[in-house]
Amino acid sequence: MTAITEALRRLPKVELHCHVEGTMRPSTVVELASKNEIELPTSDPTQLYRYTSLDTFLEIFWLVQSVLGDGDDWARLAYESAVDGAEHGLVYRESFFTPARHLDAGQDLGDIVAGLAEGCVAAEEATGVRIMLIADIDRAYGPGPGLEMVQRLVELRRANAPGTDRVLGIGLDSTELGVDPTDFAPAFELAGRSGLRRTSHQGEVTPPTTIRAGVDVLGCERIDHGLSLLDDPELTQRFVDERIPLTVCPNSNIRIANAYPRLELHPYARMRELGLLATLNTDDPALTDLDLTYEYRSVMDAFGYTWDDMVTIALDGVEGSWLDPTDAGALRARITADADQLASSLATG
Ligand SMILES: [Zn+2]
């Protein structure tokens, strides 16, 4: 590993767009599938993650989700996810989980959240990485189950159920095409009224009208992906002026959505040039053979960024986060101090 790659690995990093299911180690998929008697198309972990488009990717994603049978499985997933992130300098993550299919199969949201939180606590003790949670509505299941999930979440929070203090807000993911995001307005309204933060996947493969609906109708404070934003200059300017964060996942857009043939053609650099708060994230790192070190290094190379540019990107992750001002300030100070130290080691090394 070159000195700059090692420095990027050690740079403390924040991640705002990462699905816990998408971090599952292939070996864990195989073990949990056998525990829960789920049939896999192959028992060779290296052959599991194969797909050619967003839709075939989602089939694999759903398969991975299906091996999570109980709270212990969720705890294991959350733990391994954080430990694997820590290897690549992750210090804070607001992590998605998407429980629609499990709720549909009879699992209780309370058990899922408690399990995830248990794994997060154990990982925090082992590595110092702090993981908070965002409960994603799965668009494919429709607005009804989405609203029910939020209702149950609100109920659990009121009852102070274990782990619910770790759930910061809600999101909206899965299939974009053919789904009107405004159908999910009641779920988002309830979340907003109940003090939950709001974000949603928009504009990965849909036009900027869905991004506008995300902020104006769903009340989202940030947008996940938002690739088509630049097609609407007026909306782009509003995102710049209001510092509405985008959680961008350049390598995922290439590997999952096949949106661009190579990284150099991704709009990430253009987004940042325009002054957008475009954060850098991995989305589903295990399923796409990615990690935060590679994400930072490849983006640095593709767009000719300097070390200082990469530190600014890391700090933008803090600005885009839902940390309270005190914790955000402390994290910013930590990133800056570590970055200075890494920079001087690069200069002398
Ligand atoms: Zn995503």
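**Backbone outliers, zinc site and packing**

At 34% relative accessibility, Arg-243 counts as partly exposed in this predicted model, because the value falls between the limits of 20% for buried and 50% for exposed residues. Arg-243 is placed in the loop between α11 (233–242) and β7 (246–248), and its phi is positive, at about 50°, although the residue is not a glycine. Most residues other than glycine have a negative phi. A positive phi, near 55°, is also found for Asp-289, likewise a residue other than glycine. Asp-289 lies in the loop between β8 and α14 and, with a relative accessibility of 67%, counts as exposed.

The loop between β8 (278–280) and α14 (292–303) also contains Asp-283, which is one of the protein donors of the zinc ion. The donors are His-17, His-19 and His-201, each through NE2, together with Asp-283 through OD, and they lie 2.1 to 2.4 Å from the ion. The angles subtended by the 4 donor atoms around the zinc ion run from 81 to 170°, and the arrangement is therefore irregular, since a tetrahedral assignment would require all angles to lie between 85 and 135 degrees. Along the chain, the donors of the zinc ion follow the spacing H-x1-H-x181-H-x81-D. Distant parts of the chain are linked in this way, as His-17 belongs to the loop between β1 (13–15) and α2 (26–35) and is 266 residues apart from Asp-283. Both His-17 and Asp-283 are buried.

Turning to the interior, the largest nonpolar core comprises 106 residues, and those with the most contacts inside this core are Phe-97 and Phe-239. Helix α4 (residues 54–66) supplies the largest share of the core, namely 7 residues. When residues up to four places away in sequence are not counted, the residues touched by Phe-97 include Val-20, Glu-21, Trp-74, Leu-109, Ile-112, Val-113 and Leu-116, as well as Leu-133, Ile-134, Ala-135 and Asp-136.

Among these contacts of Phe-97 are Trp-74 and Ile-112, which also take part in the contact between helices α5 and α7. The axes of α5 (residues 71–86) and α7 (residues 109–127) come within 7 Å and cross at roughly 35°, and the crossing is right-handed. On the α5 side, the contact is made by Gly-71, Trp-74, Ala-75, Ala-78, Tyr-79, Ala-82, Val-83 and Ala-86. The residues contributed by α7 include Asp-111, Ile-112, Gly-115, Leu-116, Gly-119, Ala-123 and Thr-127.

Terms used. Residues numbered from 1 in each chain as written. Predicted model: local features only at pLDDT ≥ 70, side-chain atom pairs only at ≥ 80, totals over all residues. Heavy atoms only, no water. Core = buried A, V, L, I, M, F, W, Y, C linked by side-chain atoms within 4.5 Å. Buried < 20%, exposed > 50% of the residue type's maximum accessible area, 1.4 Å probe, protein only. Helix = DSSP H or I, 4+ residues; strand = E, 2+ residues; numbered from the N terminus. Contact = heavy atoms within 4.5 Å. Donors = N, O, S within 2.8 Å, 3.2 Å for Na, K, Ca; no water. Tetrahedral: all angles 85-135°; square planar, octahedral: opposite > 155°, others 65-115°. Axes fitted to C-alpha atoms, helices over the stretch in contact; angles between N-to-C directions. Left-handed = near helix turned anticlockwise from the far one by under 90°.
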